[in-house]
Amino acid sequence: MATSTHEFRIEGMHCGSCALLIDDTLDDLPGVHNTQTTMKKGHSTVELDTSTTTPTDIIAAIGKLGYTATLVS
């Protein structure tokens with residue numbers, strides 16, 4: 001298992017509920033161990049097993065919610 005932490009910049013969030021929706025969605029993905037999304041900072045930190053879920057998968061899941069995500073680190 002290759003666990004790593006990645007930070008994503010997220011555009012389009014308008015309130016705290018947006019951040020909660022993103023966290024709930026990412027938590028349902030296989031291999032995601034922890035998420036912390038903040039609307040105020042406009043970013044999400046995700047700890048995941050990259051052998052199961054990749055940063056590209058995270059960006060796609062966030063995109064399906066109507067937000068734009070880019071990998072920061």
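**Notebook: fold and one loop residue**

I looked up the secondary structure first and found 2 helices and 4 strands in the protein. I keep in mind that the model is predicted. Reading from the N terminus, I wrote down the order of elements as β-α-β-β-α-β.

Next I checked the overall dimensions. The C-alpha trace spans about 35 × 20 × 15 Å along its principal axes. I then asked what radius of gyration the protein has. The value is 11 Å, and it agrees with a compact globule, because a globule of 73 residues would have a radius of gyration near 11 Å.

I turned to contacts. Counting contacts between residues at least 6 apart in sequence, I noted that 64% join residues at least 24 apart.

Then I looked at the surface. The protein exposes about 4100 Å², and carbon and sulfur atoms supply 52% of that area. Of the 73 residues, 36% count as buried.

I also looked up the charges. The protein has 4 positive and 9 negative charges, and the mean positions of the two sets are 11 Å apart.

Last, I picked one residue, Thr53. Where does Thr53 lie? I found Thr53 in the loop between β3 (43-49) and α2 (55-64). Is Thr53 buried or exposed? Its relative accessibility is 3%, so Thr53 counts as buried, the cut-off for buried being under 20%.

I listed what Thr53 touches, leaving out residues up to four places away in sequence. The partners are Leu29, Pro30, Gly31, Val32, Leu48 and Ile58. Of these, Leu48 falls within the range of β3 (43-49) and Ile58 within that of α2 (55-64).

Definitions and conventions
Residues numbered from 1 in each chain as written. Predicted model: local features only at pLDDT ≥ 70, side-chain atom pairs only at ≥ 80, totals over all residues. Heavy atoms only, no water. Rg over C-alpha atoms; globule rule 2.2 N^0.38 Å. Buried < 20%, exposed > 50% of the residue type's maximum accessible area, 1.4 Å probe, protein only. Contact = heavy atoms within 4.5 Å. Areas by Shrake-Rupley, 256 points an atom, 1.4 Å probe, with all protein chains shown as cover. Lys, Arg positive; Asp, Glu negative; His and termini not counted. Charge placed at Lys NZ, Arg CZ, Asp CG, Glu CD.
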